[in-house]
Amino acid sequence: MKWNTIMRVGKVVLLEYVLTALLLLLVTVLLYRVGLSEKATLLCIRLIYVAVNLIGGLFIGKAAGSRKFLWGAITGISYFVIISAVSFLIHKGFYMEIQTAVIACLLCLAGGLVGGM
């Protein structure tokens with residue numbers, strides 16, 4: 001891999017985290033104002049995973065020009081790995097249920113793949 005492509009993926013993942021922060025802020029406001037249920041909040045978080053990785057896949061796909069699926073997948077997996085590492089550091093452990101981790105990983109991967117297309 002060239003250094004240029006690694007930097008490109010890093011910039012896209014950084015963009016994804018900025019979008020994630022903004023969307024989570026919106027969900028927080030909705031939670032406060034409307035009183036979203038736990039299921040609705042979880043659904044919003046999963047939709048955020050897909051949406052930001054879709055957008056990230058779009059950006060990396062346009063920038064890469066070829067192998068768009070691959071770059072979308074790399075972006076989605078990178079997003080998942082970083083979010084899991086931060087979660088691990090904050091909570092002093094990995095996901096409580098492996099099913100939750102698998103779902104999050106697949107959502108991030110699918111969003112990146114479809115966006116890269």
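Start by selecting Tyr 17, Tyr 49 and Tyr 79: together they make up one aromatic cluster. Keep in mind that you are looking at a predicted model.

**Stop 1: the rings**

Within the structure there are two aromatic pairs. Show Tyr 17 and Tyr 79 as sticks to see one of them: the ring centres sit 4.6 Å apart with the planes at 15 degrees, so this pair counts as stacked. Now colour by helix. Tyr 17 belongs to helix H1 (residues 3-34) and Tyr 79 to helix H3 (residues 68-91), so the pair links distant parts of the chain, 62 residues apart.

Switch on a surface and ask: which of these two is buried, and which is partly exposed? Tyr 17 is partly exposed, at a relative accessible area of 22%, while Tyr 79 is buried, at 0%.

Leave Tyr 79 selected and add Tyr 49. This pair is edge-to-face, with 6.2 Å from centre to centre and 75 degrees between the planes. It also links distant parts of the chain, as Tyr 49 lies in helix H2 (residues 38-64) and Tyr 79 in H3, 30 residues apart. Both Tyr 49 and Tyr 79 are buried.

**Stop 2: along H2**

Tyr 49 takes us to its helix, so select residues 38-64. H2 is 27 residues long, and from its first C-alpha to its last it reaches 38 Å, close to the 39 Å expected at 1.5 Å a residue.

Which residues of H2 are buried? Pick out Thr 41, Ile 48, Tyr 49, Val 52, Asn 53, Gly 56, Gly 57, Ile 60 and Gly 61. Then bring the neighbouring helices into view: these buried residues pack against H1, H3 and helix H4 (98-116).

Step off the end of H2 and click on Gly 65. Just after the helix, Gly 65 has a positive phi of about 85 degrees.

**Stop 3: the cysteines**

How many disulfides does a search of the whole structure find? Zero. Select Cys 105 to check: it is in no disulfide, and the nearest cysteine sulfur, that of Cys 108, is 6.9 Å away.

Why is there no bond from Cys 108? Its closest cysteine sulfur, in Cys 105, is 6.9 Å off, which is too far, because a disulfide needs the two sulfur atoms within 2.5 Å. Put the surface back on for a last look at Cys 108: it is buried, with a relative accessible area of 0%.

Methods. Residues numbered from 1 in each chain as written. Predicted model: local features only at pLDDT ≥ 70, side-chain atom pairs only at ≥ 80, totals over all residues. Heavy atoms only, no water. Buried < 20%, exposed > 50% of the residue type's maximum accessible area, 1.4 Å probe, protein only. Phe/Tyr/Trp six-rings, centres within 6.5 Å; stacked < 30°, edge-to-face > 60°. Helix = DSSP H or I, 4+ residues; strand = E, 2+ residues; numbered from the N terminus. Expected span 1.5 Å × (residues − 1). Contact = heavy atoms within 4.5 Å.
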